[in-house]
Every structure is written in structure tokens, then in C-alpha cells.
Amino acid sequence: MKYRIHPAWLVAVAAFVALIGAAGFRATPSVLLQPLHEEFGWSLSTISAAVSVNLLLYGLTAPFAAALMNRFGIRRVAMAALLLVSAGSGLTVFMTQSWQLMLCWGVLVGLGTGSLALGFVATITGRWFVRHRGLVTGVLTAGGATGNLIFLPVLSRLAESEGWRTASLTVSVAAVCVVPLIWWRLRDHPADLGVAALGADTVVAAPPKPAGGAARTALSALRDAARTRAFWLLAGGFAICGATTNGLVGTHFIPAAHDHGMPQTTAAGLLALVGVFDIAGTIASGWLTDRVDSRILLGAYYALRGLSLLFLPSLFAAAAHPSMLIFILFYGLDWVATVPPTVTLCREYFGAAGPIVFGWVFASHQIGAAFAATAAGLVRDQLGAYTWAWYGAGALALLASLLSLMLFAGKHFKPIAPGLGLAVPADS
């Protein structure tokens, strides 16, 4: 059967919509932080702990969700993930105690959005695209920024005018509305429609579904990669990346700005602008990764991020001024610029197992984010201001720059394949 538009593009559109939703749903707690604090009297550290569980599960779910996609199919896993998000968000309107927030936003939404993380992107592009694979990967990765751009201002305005319960129900309904699109357009393999992947010459039959062992393979990859210095340098840098983006800025920028008299809707708009520049930064970083050593790029990205965070406490004010807008522009360009060079280095150091290892490096990103989300809330509760949280994050980012440059020491080691029984270089 011939198609006027290759089905791969329709699959990519469906995946992009799901990723937009997942990013928007994941960003919602930053809008609800202050309203929940005001209504229930819960400390910011208590609410931040639920965000930390969300961020942690978002990272740790990714490699296992990829295994489930191999076993049960992309479409089924994606729909189940969206239904988990819908349930988690919708049930919050009935909560009366903080542990219920932990269960709903932390566990349910964390598991749902984690199943639609970067492993989902890699699976889609790996199966459906040969030509334009890099371009589509970049666009789908930028879907996270687009989700922030769409959802943050809308949910912030809803929370302010109609209440946080309306915002939560909006997320719940939006997640359910994406499910029919996933069922209609998302397919597990091109062979399911009798077509070749975009850019391929022949139709390749879908591989048989594994009877089991995918989770064991992922854990074996972690075990072997953990024996190398390169893994710990990459994971350490990416943990700091998560701490200084999703964990700190993504979660606490709005309440920190509110502390200085800035309206919540204005602060949410600024955070959404980060998403606008994030799209350009992701594409530009991918272009640079093809031309500049990835170790140099990571060193530069983290160093510049650290310096900007050290300046941030002096930029907060009741209104958005040019200096703050410059910070937003710069931080947006740098937000996920670290992803393309980190993926490239995982492939360079770990060969064919690079994508699996990157899943675990990404998990470290979310562990760092979870730690920072809770730590920043504690700093605010104990000291009455976020100032030392920003300074600490700036220092950590400078440390990440150093860790990235230390990768030069192992630049010429032979790539390994964790989980495949191959020897690991002792000095790598």
C-alpha cells in the first residue's frame, strides 16, 4: 500500500504530542507549589519531596520502560503511561494529606512521564527513521521545551484565577485526550503497516517479542558500565545537570521569584520562555556536536551555567527587567544543550551499548534533580530565602565542567559493550 505521507511522519507527530503532554504534566508541580503551601500549610520542603519522587521515578523508569516497549509494544506502554498521568493528576483534587500528594504527583505521574522519556524518543526514531533520524530526534527532544511553553502559562493562570484543582483536572483531561491519538497513529514497527522505515529500501519484519530478560540486560549494562571511570564522570556531570535544571530552576524559580514580589503568572511566563530558547539551544548543540569535541562542549556548557547561577540571586525583582530576560535567554539555550554531546560520548565510550548506558546516565540526571528539588525547599524553609541554593548550584555546575574535561584522560580507550560479556578497560 502506498501512502501520500510516509507513516513515519504521522508516528513522529503522535509521539511529539505525547512528549509535549508529558513535559507539561511533569512541569505542573512548580505552578502548584505556592497554592498547595497556602491552602494546606505544608512546608515547601514537604511539597518539594513529592516533586523529588516524581523526578526520581522519571529517570529510573526510563530504562525499564524501554524494556516494556520491547515486550508489549510502544503503543500500549505509551497509552498506559498517559492513563497513569491522568489518574495521578486527577486524584489530587481529593487529597487532604501530604502523603497523598507523594503518591499522586510523586509516584503515579512520575511513573507515567518516565515511560515517555528519552528512551521513548530513541525507540521511535530507531525503528521508524533511517533518513532524518538525527533531525527527528532533535525535534522530539525539543518537545519537552514545547510542553513547558504551552502548559506553564495556561496552568499558572488557571491556578491563580480558578484554583489549583482546576489546573490539576485540566492536566488529567489533557492526558486522556492524547490516548486516542496514540491508539490511532502510533505503531510499534513499520512492518505493521507493510512499509519500510523512512529512508530504508526494504520492509524489515518486526523482531519477535522477547519472552523476558530485558530488565536483566539493562541491569547488566549498568553493572559493567559502573566499572569504568568514564561512566562515573558522565553520570556525575549529568546528575549536576539535572540538579541545576529540573530540580532547582524548573521547580523553584517561580516561588523564588514570588518571594521578591513577582506575580506567579509573570514568573511562569519567564520559565516558559526558557522553553522557547531551549528548542533553539537543543538544535544548535546537536549541530555543534558534529563539529566540536563533546568534552569541550560539556565543559563550556556547565561552566557558563555555573557562572549564570552565581549571578541569578541579584537579578530577582518584582518585575521582569532586561538583565533577568538575558538570563532567561541564556539559560534556555543551555537547558538541554548537554544532551547531544552526552549521548555522543556514551556511544564513543560504550559502543553498541551506548543507548542503554545513556538511559542510566539519564537516571543520574533525575537523581540529581530529585536531590536539588528537596534540598532547595529545605534551604528556603530554614533560611527564609533561596540565595544559598543558587550559589550552591553554581558551584556544582563548575564542578561538572571539571568532570567533563577530565574525560580527556580516557579519550582514546577502546569502546566497550556493557552487558555483552566484553572486557572492560581497567583504566577507562
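**Exercises on a predicted model**

The protein chain exposes about 17600 Å², and carbon and sulfur atoms supply 68% of that area. The model is a predicted one.

**Exercise 1.** Determine how the radius of gyration of the protein chain compares with the globule rule.

*Solution.* Start with the secondary structure: the chain contains 17 helices and 0 strands. Next, take the radius of gyration, which is 21 Å. For 428 residues the globule rule gives 22 Å. The two values are close, so the chain is as compact as a globular protein of that length. For the extent, the C-alpha trace spans about 60 × 50 × 35 Å along its principal axes.

**Exercise 2.** State what share of residues is buried and what share of contacts joins residues at least 24 apart.

*Solution.* Of the 428 residues, 54% count as buried. For the contacts, consider pairs at least 6 apart in sequence; 83% of these join residues at least 24 apart.

**Exercise 3.** Count the charged side chains of each sign and give the separation of the centres of the two sets.

*Solution.* There are 25 positive side chains and 16 negative ones. The centres of the two sets lie 12 Å apart.

**Exercise 4.** Decide whether R305 is buried or exposed, and describe its surroundings.

*Solution.* First locate the residue: R305 belongs to helix α13, residues 294-311. Its relative accessibility is 0%. Buried means under 20%, so R305 counts as buried. Leaving out residues up to four places away in sequence, R305 touches C241, T244, T245, F330, Y331, D334, W335, T338 and A397. With T244, the side chain of R305 makes a side-chain to side-chain polar contact at 3.1 Å.

Methods
Residues numbered from 1 in each chain as written. Predicted model: local features only at pLDDT ≥ 70, side-chain atom pairs only at ≥ 80, totals over all residues. Heavy atoms only, no water. Helix = DSSP H or I, 4+ residues; strand = E, 2+ residues; numbered from the N terminus. Rg over C-alpha atoms; globule rule 2.2 N^0.38 Å. Buried < 20%, exposed > 50% of the residue type's maximum accessible area, 1.4 Å probe, protein only. Contact = heavy atoms within 4.5 Å. Areas by Shrake-Rupley, 256 points an atom, 1.4 Å probe, with all protein chains shown as cover. Lys, Arg positive; Asp, Glu negative; His and termini not counted. Charge placed at Lys NZ, Arg CZ, Asp CG, Glu CD. Polar contact = N/O pair within 3.5 Å; in protein donor to acceptor, adjacent residues only side chain to side chain.
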